[in-house]
Amino acid sequence: MIGVIFGPPGSGKGTQAALVQRSFGMDHLSTGEILRAEVAHGSPVGHEAARIMAAGDLVPDDLITHIVERRLGRAHSPAGVLLDGFPRTVEQAKALDAMLAKEGRKVGFVIAIDVPENILVQRLIKRAAEEGRADDNRKAIAERMHEYRTLTEAVLEYYRGRGVRVIEIAGVGEVEAVFERIQKELSGAGGDE
Ligand code: AMP
């Protein structure tokens with residue numbers, strides 16, 4: 001089973017993905033975390049990505065798609081893989097479908113976390129103070145919201161159009177309450193793979 005967790009910056013998708021990983025045993029593949037590790041290690045990919053990420057822009061589709069293809073090849077959990085932060089463009093979604101199709105696999109579900117924009121910005125500013133992420137400043141936050149609205153939101157329509165199960169989750173409230181909503185949906189899901 002391949003699942004995608006999807007939501008705007010600050011929606012809590014990384015936090016919820018980690019909880020899904022713990023409860024359901026799926027491998028959690030976060031492209032943001034992978035890129036931040038590359039930046040921290042000073043690898044060639046990290047050098048290419050650092051400035052793009054700090055500005056709140058998206059790294060090139062082919063770069064991130066190659067990383068995901070390599071990581072998917074190493075993911076062996078029988079429960080499957082939960083993709084967090086990928087795909088972020090329709091091009092990436094098509095590339096993912098193509099790489100999965102080679103193995104007779106496909107995306108089984110998409111969890112879409114919805115949070116009003118004013119709450120997102122408040123959360124990101126708070127995270128900036130707590131974690132000091134390079135892209136949690138007002139300018140980069142505005143750019144990430146813009147990228148989300150103009151490029152990433154269309155990915156949801158892409159999946160809906162292809163008949164993939166899109167689970168909409170209200171992302172406001174306590175972390176545990178949001179996770180309970182996800183858990184309820186996934187437990188009853190069964191899946192189609
Ligand atoms: P995230 O941790 O998911 O918020 O990602 C942090 C940053 O990493 C994003 O703002 C982008 O600069 C970059 N990034 C992560 N995933 C992708 C992706 N699928 N496509 C392009 N850029 C990405």
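This text walks through the ligand site and then one strand residue.

The model is predicted: local features need pLDDT of at least 70, side-chain atom pairs count only at pLDDT 80 or more, and totals for chains, interfaces and linings use all residues. Residues are numbered from 1 along each chain as its sequence is written, and side-chain values use heavy atoms, without hydrogens and water.

Start with the ligand. Around it stand 17 residues, each with a heavy atom within 4 Å of it. Thr 31, Arg 36, Asp 57, Gly 85 and Gln 92 come nearest. By class, the shell holds seven charged, six nonpolar and four polar residues. Here Asp, Glu, Lys and Arg count as charged, Ala, Val, Leu, Ile, Met, Phe, Trp, Tyr, Cys and Pro as nonpolar, and the others, Gly among them, as polar. Helix H2 (residues 31-41) gives the largest share of the shell, four residues. Helices are DSSP runs of H or I with at least four residues, and strands are E runs of at least two, numbered from the N terminus.

Now the atom pairs. A polar side-chain atom of Thr 31 lies 2.8 Å from a ligand nitrogen. Gly 85 places a polar backbone atom 2.8 Å from a nitrogen atom of the ligand. At Asp 57, a backbone N or O atom is 2.5 Å from a ligand oxygen. Taken alone, the ligand exposes 480 Å², and the protein buries 97% of that (Shrake-Rupley areas, 1.4 Å probe).

Move to strand S4 (residues 107-114), which contains Ile 113. Ile 113 is buried, because its relative accessible area is 3% (buried means under 20%, with a 1.4 Å probe and protein chains only). Its C-alpha atom is 4.9 Å from that of Gly 7, 106 residues apart along the chain.

Terms used
Polar contact = N/O pair within 3.5 Å; in protein donor to acceptor, adjacent residues only side chain to side chain. Buried < 20%, exposed > 50% of the residue type's maximum accessible area, 1.4 Å probe, protein only.
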